[in-house]
Amino acid sequence: MLRYAINRILLMIPTLLGVAVLVFFLLRIVPGDIVEIKLRGDGGTVTQETIELERKRLGLDRPLINQFGTWMIDMARFDFGNSMWTERPVVTEIAGRLELSLQVAIMATIIAVLLAIPMGTAAALFRGTWIDYTVRLVTIGGLSIPSFWFGMIIMLTLLSLFNWLPPITFTPIYVDPVANLTQLIWPALAVGYRYCAVVARMIRSSLLEVMNEDYIRTARAKGVYEKLVVSRHALRNALLPAITVIGLEFTFLIGGLVVTEQVFNLNGIGQLFVQSVSRNDFTLIQGMVMLIAAFYVFVNLAIDLLYAVFDPRIRYNS
Amino acid sequence: MTVVDADKDVRGPSAAPQEVAAPLLQVENLHTQFHTSRGIVRAVEGVSFSVDRGEVVAIVGESGSGKSVTALSIMRLLPRLTGKIPQGRVMFDGRNLLDLGDDDMRAIRGRDISMIFQEPMTSLNPILTIGLQIKEPLQIHLGMNDEQAQARAIELLNLVGITDPERRLDQYPHQFSGGMRQRVMIAIGLACNPKLIIADEPTTALDVTIQAQILELMKNLSRKLNIALVIITHNLGVVARYADRVIVMYAARVAEQGAAEQLFHKPRHPYTMGLLRSVPRLDRPRGSKLETIEGLPPNLANVTTACRFAPRCPFRIAVCDQEPPLYPTDTGSLSRCHRHTEIAEGKIVWASLGGAGLNFAANTEAPVLSVQHLTKHFTVSGGLRSAGGTVRAVEDVSFNIFPGETLGLVGESGCGKTTVGRLILRLEEPSAGEIHFEGVNLSTASAAELKAMRRKVQVIFQDPYSSLNPRMTVGQIIGEPLHVYKIVSGRKENEARVTELLGHVGLRPEMAERYPHQLSGGQRQRVGIARALAMEPSFIVCDEAVSALDVSIQGQIINLLEELQRKFRLAFLFIAHDLAVVRHISARVVVMYFGRVMEIADRDVIYSDSLHPYTKVLLDAAPVPDPTLEKLREPRLIKGELPSHLAPPSGCVFNTRCPLASQECREVVPPLEEKRPGHFAACIKV
């Protein structure tokens with residue numbers, strides 16, 4: 001398994017290289033660059049000369065292949081460059097936001113998984129009863145209601161019922177856990193609802209399938225307690241496909257919460273993404289895309305390794 | 001493994017020892033229904049039978065006859081939402097199981113009644129160790145602690161013949177072969193010393209030699225521990241060998257039940273008679289044509305009040321419009337037939353279908369297909385735990401097939417018989433050797449020659465359920481190759497040809513509009529045959545073409561194949577694991593083991609006078625449907641299982657299991673030699 005893990009980590013290099021090539025050149029195919037936006041964005045009049053000068057300063061005048069090479073070499077030394085807009089290191093820009101986004105993603109995952117396992121299991125075991133219908137109704141709601149809208153409803157409810165709104169400035173959890181949690185629990189709930197719906201439905205359908213397996217019949221024929229049939233024989237098998245969904249949803253939450261962050265006024269990765277794209281901040285966009293790509297690849301590897309832990313048939317030796 | 005016990009079967013079915021005591025299990029007027037979206041399916045209707053302590057009772061029937069549902073009803077393991085038992089009693093040891101609360105019933109399952117299922121591959125939980133799965137009932141029912149359960153589990157594995165039990169307990173199901181998994185299932189079933197074991201098709205998924213091992217094991221254990229055994233099966237040979245009493249089910253009802261000897265020798269129901277006649281048998285000279293029961297079993301969603309077998313019964317009369325009760329007959333058995341007395345008096349006998357059998361004259365023509373030194377190696381990439389290597393799937397196989405002839409290819413799973421078929425069809429590229437089809441060497445053939453060959457060589461697959469595209473109608477399935485090869489021009493002509501082809505395989509023209517899921521298994525296989533015929537082939541590979549079908553349907557398809565062979569002068573390569581079927585249909589038979597040819601001979605020679613020890617073992621392991629013969633026969637069991645393909649034995653591949661093996665066998669690969677005229681065997685001992 002160790003060799004398998006190492007193999008997979010080595011395979012990440014070409015994957016990420018491909019991402020790097022794509023993001024770098026796609027960004028430059030799009031017309032317009034940061035200098036135009038920076039200097040002429042407010043309708044100010046600047047001479048062409050000044051623009052050329054700024055381009056030169058940012059290195060944008062050099063041949064593309066040249067720029068790409070520099071970027072690659074820097075990245076190999078874990079130097080992701082500076083933001084072209086704020087001039088601060090890309091790493092610094094991202095780090096502040098990542099803390100918040102990661103925390104929301106983790107909290108949403110915890111909420112979702114804690115709710116989804118009992119919900120999905122109950123729905124499958126009591127298939128065709130009111131329990132099943134309730135779970136299906138609640139989860140179809142989670143899939144169809146946009147998270148940001150649900151977030152707005154949460155905010156409005158808090159405001160109208162308690163005349164209270166969560167704090168709007170981010171306090172790290174190690175500084176003041178109460179302030180931190182009172183701010184982040186709401187967005188985590190808002191996105192956790194949809195997340196929970198996806199996972200609960202997955203668990204329901206895979207548990208229904210597993211309950212029809214021959215080995216469940218064998219367990220019952222042995223006289224195993226029904227509770228044990230579900231928890232020991234069925235659920236462990238049924239959770240496998242759910243792990244994949246959880247992993248993919250988790251990575252999505254890191255960079256994908258653009259509108260929800262806006263609703264809750266959070267300075268997360270999503271917001272930073274929108275900002276940097278609208279500013280054509282090449283280095284920052286590239287840095288973020290690489291970060292999220294790496295996240296995806298790592299989480300996928302983690303899922304595959306988890307599979308092997310849960311399922312003895314998979315031992316990755318070929 | 002040593003399962004041949006000293007105490008042979010001396011107990012006749014009539015001499016059941018516990019005649020005074022109440023039977024262990026008594027099923028009375030059991031009705032089981034499935035409430036589906038398309039209405040109520042009455043899967044079991046009014047079934048009654050009893051099982052004494054230590055007795056072996058077999059329930060036989062075709063798929064859908066209700067035999068498995070009866071077992072699941074006794075165990076109360078029917079699907080909760082759809083399965084209902086509106087009527088009946090299941091008395092077990094003085095209690096009606098149908099009245100018990102859920103937890104009381106649970107306490108009986110695995111403790112007093114165990115069940116062994118058909119599919120050893122899927123019946124064990126893949127993510128739990130074997131040890132846990134064996135210890136579970138011990139801890140639940142007998143309250144053993146982990147140490148006691150561990151000791152008992154080791155004892156059980158020893159009992160069922162699994163070596164090195166301490167280590168095996170920590171392994172997972174996928175690390176066991178199919179036969180080994182079934183042994184584990186038996187160990188689980190035996191764990192709490194039950195009074196009754198219900199085995200639902202326990203060996204259907206296994207090879208003949210492994211089937212014999214498992215059945216002998218079950219029988220000996222049940223004798224030794226005085227456990228009653230209910231074996232559910234469609235295999236009449238298995239019934240004849242092991243059962244004291246037999247229950248024949250047809251369309252949700254008991255058609256006939258009685259002592260095994262009586263039922264096999266003096267059947268009193270036309271269905272039983274037909275069933276016994278439609279099985280190709282190893283112990284009888286091959287008949288010209290296989291007897292069959294025409295037609296299909298009724299749909300249980302809408303049955304009439306007439307006798308259920310009447311539509312297929314050649315002896316139906318006016319009174320058969322009334323459902324007959326179970327009449328007691330002269331033999332002591334029960335028969336659901338109005339005319340059972342006439343059967344007893346010998347006034348009703350199945351007319352022999354007669355007809356000229358296939359006449360295989362010595363063939364002087366050039367072979368249609370000639371295979372020489374065919375070899376196929378697969379490379380398996382290695383990994384962390386297992387070393388890579390070469391799997392020698394097919395090694396140096398040579399044979400000829402002449403026009404209009406059927407060559408049978410038998411062997412157990414993993415012997416390479418399917419790979420040979422795939423190589424001939426050019427679905428795989430051979431590693432070495434040559435295939436000549438109608439004189440053309442296929443390895444050097446041009447693209448045009450290959451295209452012509454693909455038309456002339458067709459295939460019929462085993463599984464009629466998955467080998468037809470579910471989204472295409474029967475007409476489209478059969479018509480597609482006509483279109484692709486431009487055999488017909490235009491839609492009209494295509495339709496006409498499809499109708500003609502359906503006629504050849506005995507299907508009505510309106511079947512062309514149907515989709516595969518609307519057909520029965522036998523009808524689907526007919527469609528598969530029509531599709532193959534569409535190309536006007538001269539040679540057809542039949543890969544287990546009748547294995548998935550019920551006995552009565554299997555006979556119909558075999559007869560159809562023979563009829564088509566005569567009509568179109570087709571050559572068949574008939575790949576199968578059922579020795580009796582192969583014997584019936586083939587002119588010559590090739591026996592393969594572990595990628596190599598063991599023996600080639602004429603059909604009758606190989607069955608009556610085989611030379612190779614493997615062929616002998618194979619023939620011995622297959623039970624014949626005759627209880628008298630079976631009870632006299634001491635089974636010669638083959639020891640062990642198929643060796644690993646990654647570590648093949650040196651010398652003769654069969655030496656690890658061969659009763660004759662000597663040192664020389666481990667050193668020399670025996671060549672396939674002509675020991676007698678036309679009779680080849682690869683063995684240095686004969």
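The exchange below concerns a predicted model, chain A in particular and its contact with chain B.

Biologist: What makes residues of chain A and chain B count as being in contact?

Modeller: Two residues are in contact if their C-beta atoms, placed from the backbone, lie within 7 Å. The contact takes 24 residues from chain A and 29 residues from chain B. On the chain A side, α9 (214-221) and α10 (226-256) each supply at least two residues. The largest share, seven residues, comes from α9(A).

Biologist: How many residues on that side of chain A are called charged, and what makes them so?

Modeller: Asp, Glu, Lys and Arg count as charged, and 10 residues of the side of chain A that touches chain B fall in that class. Seven nonpolar and seven polar residues make up the rest of that side.

Biologist: How many helices and strands does chain A have?

Modeller: Chain A has 13 helices and zero strands.

Biologist: What percentage of chain A is called buried, and what makes a residue buried?

Modeller: A residue is buried if 20 or more other C-beta atoms lie within 10 Å of its own. Of the 318 residues of chain A, 32% count as buried.

Biologist: Which elements of chain A have the lowest and the highest mean pLDDT?

Modeller: Helix α2 (residues 34-40) of chain A has the lowest, 76, and helix α6 (residues 130-144) of chain A the highest, 95. For chain A as a whole the mean pLDDT is 88, and 97% of its residues reach 70 or more. Where pLDDT is low, predicted coordinates should not be read in detail.

Notes:
Residues numbered from 1 in each chain as written. Chains lettered and ligands numbered in written order. Predicted model: local features only at pLDDT ≥ 70, side-chain atom pairs only at ≥ 80, totals over all residues. Helix = DSSP H or I, 4+ residues; strand = E, 2+ residues; numbered from the N terminus. Buried ≥ 20, exposed ≤ 12 C-beta atoms within 10 Å, placed from the backbone. pLDDT = per-residue confidence, 0-100.
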